[in-house]
Amino acid sequence: MLSTSSAPPETDQGPRRYSDVRACRENDASRRKNSDRQVLAPTVSIILATYNELENITLTISAIFEHLGDDVEVIVVDDDSPDGTWRLVENMDDPRVILIRRVATRGLASAFNRGIIESRGEYVGWMDADMCMPPTMLPAMIESLKTHDICIGSRYAPGGCDDRTRLRVLCSRAINGLASVVLGGGIRDYDSGFVVLRRSVFDRVSIIPTGYGAYFMEFLYACHRKGLSIHEMPYHFTDRALGVSKSAPNIYRFLVTGAGYVSRILTARLRRID
Ligand SMILES: Nc1nc2c(ncn2[C@@H]2O[C@H](COP(=O)(O)OP(=O)(O)O)[C@@H](O)[C@H]2O)c(=O)[nH]1
Ligand SMILES: [Mg+2]
């Protein structure tokens, strides 16, 4: 298992190490394991952004390996979770698992962006680490990359399902409705956040690494504009059984997140910057 944090690279030994003084001391044991990282680049990289996912992270990682086997790396980008999610990952001692522990920063889009930078797979994917998005879907999603550039797990394509509370589903559908009117592209689940894609996609489109989940809509919009083919695969989204939602822990955060989505949809339409 590789453990890194977000300070400048060191040049002493081993591939791609990062440290700051605190993480360097705390991560000594796992850093000695850096050389255990798979030498050959795996075919698939799956990135998990985590903040306080102690109850879910082991389940999520094991389920990914169960369905994708050994030719995969799981990159966990944790923002120094107070519940010690990062420590649990660090102790997994698995060469297929890479831990990036960022300190003194937070952000979902920037966490996925960091994971993308570290990834090595020909196919790259990312998803939540809260067991709402089923890792059972991953093999079929990756298979579909034979004929598409991007595959998103979709709650709202025919056959999909979102079993969260009525209010959350209603809001999510409203945001998706607005996105499809303003951004077009015929995508039903614009803010899916559950995706696998060909690495070559990043030669044409980058994610804009600011904000919460709304970055995903802007990313898909840019992919659509560039003519990349996007496949929506329906799935059953199961509401969180363990841990707390970071986007809607209370009504205030819920409204702030919702407003962020609306403004990002409008900005994406106006920005059109490559
Ligand atoms: N690294 C990182 N991960 C985050 C942050 N906020 C949320 N996450 C993770 O992003 C995923 C989605 O968050 P979640 O709380 O499930 O939000 P929801 O799905 O919108 O209710 C989960 O895996 C979280 O642990 C953050 O600030 N930094
Ligand atoms: Mg979630």
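**A walk through the chain, its helix α3 and its ligand**

Let's start with the overall layout: the chain holds nine helices and 10 strands. Keep in mind as you look around that this is a predicted model. Of the chain's 274 residues, 43% count as buried. If you take the contacts between residues at least 6 apart in sequence, 73% of them join residues at least 24 apart.

Now zoom in on helix α3, which runs over residues 57-68. Its 12 residues reach 16 Å from the first C-alpha to the last, close to the 16 Å expected at 1.5 Å a residue. Just after α3 comes G69, with a positive phi near 75°.

Which residues of α3 are buried? They are I57, T60, I61, I64 and L68. These residues lie on the same side of α3, because they cover an arc of only 95° around the axis. The spacing fits a simple rule: an α-helix has 3.6 residues a turn, so residues three or four places apart point the same way. As for what this side meets, the buried residues of α3 pack against β2, β3, α4 (85-90), β4 (97-101) and α6 (138-143).

Two of those partners, β2 and β3, turn up again when you move to ligand 1. Around this ligand there are 19 residues, and the closest are A49, A111, S245, K246 and S247. The elements giving two or more residues to this shell are β2 (44-50), β3 (72-78) and α5 (108-118). What is the shell made of, by class? Seven of its residues are nonpolar, five are polar and seven are charged.

Terms used: Residues numbered from 1 in each chain as written. Chains lettered and ligands numbered in written order. Predicted model: local features only at pLDDT ≥ 70, side-chain atom pairs only at ≥ 80, totals over all residues. Near = placed C-beta within 6 Å. Helix = DSSP H or I, 4+ residues; strand = E, 2+ residues; numbered from the N terminus. Nonpolar A, V, L, I, M, F, W, Y, C, P; charged D, E, K, R; others polar. Expected span 1.5 Å × (residues − 1). Buried ≥ 20, exposed ≤ 12 C-beta atoms within 10 Å, placed from the backbone. Arc of directions from axis to C-beta. Contact = placed C-beta atoms within 7 Å.
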